[in-house]
Amino acid sequence: MRLEGMQGTALWHVTLTHPPATISAPELQAGLSKTFADTNQLLATWDDTSEVARFNRYQGTDWFSISPPLAKLLELTLQVSRQSGGVYDVTVEPLVKLWGFASHDASKDVVPAKADIDIALAKVGYQKLQVRLDPPAVRKSQADLQVELASVADGFAADQAGLYLESLGISEYMVEIAGEVRTRGLSPRGDAWRIAIEKPVEEDHVIQNGVNLRDAGLATSGDYRNFFVQGGKRYSHTFNPVTGAPVTHNLASVSVMSPEATLADAYATLFMALGEQKGKAFADAHAINAYFIWRTDKGFETADTVGFHGLLTGNQ
């Protein structure tokens with residue numbers, strides 16, 4: 001059974017290897033649509049009623065009650081932030097807004113003044129954020145701190161949809177939303193799920209390589225869909241929280257495989273911030289499965305970690 005739909009501007013696809021006899025396709029469609037909508041209700045900064053938007057507006061420094069799924073997600077992002085020394089940081093919302101990359105905003109295509117960047121940077125810092133799981137709540141030590149969870153939103157949505165399917169007893173499926181994937185069990189062919197990795201080009205959808213997934217999540221981050229060019233320089237939506245500016249290295253795309261799509265999504269963002277050399281070194285040091293594509297004068301070059309290499313379709 002194959003299902004698809006839209007959540008906001010994101011297209012999603014779900015494939016079930018063994019459709020359940022007790023639940024109809026329309027019922028599953030409705031349940032999945034609600035699951036994706038519920039995810040938006042947690043994370044969408046552009047929706048004033050979402051949990052994240054309400055926390056961002058909150059100007060106090062006391063504990064702010066949130067739902068258990070959001071608390072677990074924020075705890076995961078803080079773990080990656082600490083592990084990366086702050087290169088990955090979900091409190092970059094002031095910078096995202098300043099540079100015109102905020103959700104549902106048109107890009108400003110303008111490089112901000114250094115004074116404005118410094119003002120925004122003063123509001124950034126994962127160390128100013130605390131999370132607790134029981135009872136679930138979040139606290140900021142600086143009243144104007146804001147979080148932006150776009151770096152994990154699609155991976156989280158894929159995982160939430162997978163958990164919904166599993167709650168119905170469905171154990172073999174593939175969920176994909178905006179390019180982020182969660183797989184469990186076998187594909188309808190009776191083998192691993194075959195997922196395409198795009199070549200990082202703006203003008204078309206071209207396959208760079210394929211990967212075989214089983215009981216895993218896959219997330220890809222790149223600079224080739226959301227960027228602007230000013231003065232001959234390319235500015236992407238991935239930020240360096242130290243400089244307050246978009247990263248400027250040659251890494252065009254990175255795909256990460258992890259048991260959960262959410263964690264893969266976070267690491268893909270981190271590696272885009274680190275660049276091809278530091279990202280590959282970090283992935284190797286922490287045994288994270290990743291595939292890197294970067295630009296050179298002669299075209300694209302690629303590198304992959306040992307764990308990812310054996311999963312590429314051309315290496316089977």
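Let me start with Asp215, which is partly exposed, at a relative accessible area of 42%. This is a predicted model, by the way. Asp215 is not a glycine, yet its phi is positive, about 55°. Where is it? Asp215 sits in the loop between strand S9 (207–213) and strand S10 (217–222).

Ala178 goes in the same part of the talk. Here too phi is positive, about 50°, and Ala178 is not a glycine. Its loop runs between strand S6 (173–177) and strand S7 (180–184). Ala178 is partly exposed, with a relative accessible area of 41%.

Now a peptide bond. From Asp134 to Pro135 it is cis, with omega near -10°. Pro135 belongs to the loop between strand S4 (129–133) and strand S5 (136–140). Why flag these spots? Most residues other than glycine have a negative phi, and most peptide bonds are trans.

On to the sheet. It is open, with eight strands. The order reads S1-S2-S6-S7-S10-S15-S16-S17, and the pairing is antiparallel. Which strands stand at the edges? Strand S1 (2–7) and strand S17 (299–304). Each has a single partner strand, so one side of each is left without a neighbour in the sheet. From one strand to the next, the twist averages 10°.

Take one pair from that order. Strand S15, residues 251–258, and strand S16, residues 289–296, run antiparallel and are joined by six bridges. Within that pair, Val254 stands opposite Phe292 in S16.

Next, the helices on the sheet. Helix H6, residues 150–167, lies across strand S2 (10–16), S6 and S7. H6 runs at about 150° to S6. Helix H8, residues 276–285, also packs on the sheet, where it touches S15, S16 and S17. The direction of H8 makes about 170° with that of S16.

Last, a helix pair. Helix H3 covers residues 68–83, and helix H7 covers residues 261–274. Their axes come within 11 Å and cross at roughly 35°. The crossing of H3 past H7 is right-handed.

Which residues meet there? From H3, we have Leu73, Leu76, Val80 and Gln83. From H7, we have Thr262, Leu263, Ala266, Tyr267 and Leu270. How do the residues of this contact divide? Seven are nonpolar, two are polar and none is charged.

Technical notes:
Residues numbered from 1 in each chain as written. Predicted model: local features only at pLDDT ≥ 70, side-chain atom pairs only at ≥ 80, totals over all residues. Heavy atoms only, no water. Helix = DSSP H or I, 4+ residues; strand = E, 2+ residues; numbered from the N terminus. Buried < 20%, exposed > 50% of the residue type's maximum accessible area, 1.4 Å probe, protein only. Pairing = 2+ DSSP bridges. Axes fitted to C-alpha atoms, helices over the stretch in contact; angles between N-to-C directions. Contact = heavy atoms within 4.5 Å. Left-handed = near helix turned anticlockwise from the far one by under 90°. Nonpolar A, V, L, I, M, F, W, Y, C, P; charged D, E, K, R; others polar.
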